[in-house]
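Q: I am new to this structure and would like a close look at a single part of it. Please set the scene with the chain as a whole, and then take me to one residue and its surroundings.

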2 protein chains.
Amino acid sequence: MPKPRQIKIADTAGFCFGVKRAVNLANGAPEKFPGSQISTLGPIIHNPQVVNQLAEIGVKPVELSHAPEPGVVIIRSHGITKKLLYELKQRPDLTLVDATCPFVRRAQEIVAEMSAAGYQVIIIGEPDHPEVAGLISYGDPQNTQVITSRNDIPATLFNSRRPSRIALLAQTTQSQQLYNEIATALLTIKGELRCFNTICTATSGRQSEALKLAQECDCMLIIGGRNSANTNRLYELSKEKQPDTYHIETVEDMNNEWFSGKRTIGISAGASTPQWLIDEVVKKLGNSEP
Amino acid sequence: MPKPRQIKIADTAGFCFGVKRAVNLANGAPEKFPGSQISTLGPIIHNPQVVNQLAEIGVKPVELSHAPEPGVVIIRSHGITKKLLYELKQRPDLTLVDATCPFVRRAQEIVAEMSAAGYQVIIIGEPDHPEVAGLISYGDPQNTQVITSRNDIPATLFNSRRPSRIALLAQTTQSQQLYNEIATALLTIKGELRCFNTICTATSGRQSEALKLAQECDCMLIIGGRNSANTNRLYELSKEKQPDTYHIETVEDMNNEWFSGKRTIGISAGASTPQWLIDEVVKKLGNSEP
């Protein structure tokens, strides 16, 4: 009798604190504001399945570039730009529900404080990610920039004869590895380097556990939205350790051939992946033959 | 005809800015304060030959632990503790000449500011070195400490669930390598890490050049006081790349056997080594057979 297949689910898979909070605020809005038109500025989190569920109860995303209709407007977990927040606050016909993740809010405050204090502010992140667009908007464009790799560090910082004052932070879902690499490169610069490790513990913990699982298992499944940056990063990290790593959004994406002969299958999921999506995947795996 | 021996002297060998300044102040004191008793608190720099020269013009070191005689007191380049400075300033019979290296003074200010602001202040340095004794005296003992290696980082910092606020700095003559190693270890701690690269550019430049020379030469001579921490560090760094590295204080310490068959000899010297000591060594080497 063949040994049954083992499925290892990461303790850290799925919703983080900030996403849970944002989804709860959105789920509770129809009851809290009966009769109001309720919208989220862009998808509330980067998970199409959750966004669809919310749409069914009347909470629909509106484009960031369009002025929202009168009613309740929910600011999503990634936050928005300083300018947009200001504009929304000027409108008496809007009720704002701020679901910005408190860790993202803290990072926005760091950018504002450091830029105002004259530091050269360096944000490690994806320039097109909404969280990063929000972060950078809190700094003075003269001294605030986003970089994606060590090579993006301005050469002038290394060549400067005057001591520099640099403040470093990261998109909350960045990889700790990249953060360390860039900070280490900046350490040789004369002057002051102020490192704010704004990567949230949920993210770094999820990454560490996925890396560990990837080494223990024959195959890895990473569940999450294709538009979710932290899910994509989780997939890439896992794939480095376990080439048989697959990124799926739902059970529909699963291919039984992947699991043929695999004895141990590891599962993790991005910060915006709801528990029910993870449960469905585990159920389908449990029903399949090893 | 054998090719003549090549002697490569590091551009960065010898007196740094702070030492030059301190020795100039000491040399000028007898003329500036005629008839006064002039003393330095401890040897003005860590070089016995320079200290002896100054003694000949009447500038003599007194023990740090003894209250100096009335007259002119020169505070040496390494600086002194906050308490001692306060006590000296209370004495109307003393004229103070502060030869503390401005880079050391800046590091003292950083310790004071960061400790007062509630940071956990970590100083990389030798606990017994006078500069370090001075630095730590500017912080609150509750939150200021000296560490010599990565292993000395308190484990509580890594285990803390609350984000930490750490300020890191180094004795101005520490190795950049050790600084990077400790800072990199601290980067994984959640919260804020404020790195002040207080290693002076003269030190880091001298170290880089010595390492480069050690790789190019058959033999290395490092000239400087046996009590000079930065000279000892220079010697150790060089010896890692070139086992035939020798630490000498003066020409008297040279042994001709070291140079037998050596074609290229590299020379560097600590921050407290005067030019004339370097010149004597070069002269003696030039006169010897390859």
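A: Of the 290 residues in chain A, 53% are buried, in what is a predicted model. The accessible surface of chain A comes to about 13500 Å², and 50% of that surface belongs to carbon and sulfur atoms. Ten helices and twelve strands are found in chain A, and the C-alpha trace spans about 70 × 55 × 25 Å along its principal axes. The radius of gyration of chain A is 21 Å, which agrees with the value near 19 Å that a compact globule of 290 residues would have. Where contacts in chain A join residues at least 6 apart in sequence, 74% of them link residues at least 24 apart. The charged side chains of chain A number 30 positive and 30 negative, with the centres of the two sets lying 6 Å apart.

The single part to look at closely is in chain B, where B:H247 sits in strand β11, a strand made up of residues 245–248. B:H247 counts as buried because its relative accessibility is 10%, and the cut-off for a buried residue is under 20%. From this place, the side chain of B:H247 reaches the backbone oxygen of B:G224 at 2.9 Å. B:G224 also appears among the residues that B:H247 contacts once neighbours within four places in sequence are left aside; the others in that set are B:I222, B:G225, B:R226, B:T231, B:N232 and B:Y235.

Methods: Residues numbered from 1 in each chain as written. Chains lettered and ligands numbered in written order. Predicted model: local features only at pLDDT ≥ 70, side-chain atom pairs only at ≥ 80, totals over all residues. Heavy atoms only, no water. Helix = DSSP H or I, 4+ residues; strand = E, 2+ residues; numbered from the N terminus. Rg over C-alpha atoms; globule rule 2.2 N^0.38 Å. Buried < 20%, exposed > 50% of the residue type's maximum accessible area, 1.4 Å probe, protein only. Contact = heavy atoms within 4.5 Å. Areas by Shrake-Rupley, 256 points an atom, 1.4 Å probe, with all protein chains shown as cover. Lys, Arg positive; Asp, Glu negative; His and termini not counted. Charge placed at Lys NZ, Arg CZ, Asp CG, Glu CD. Polar contact = N/O pair within 3.5 Å; in protein donor to acceptor, adjacent residues only side chain to side chain.
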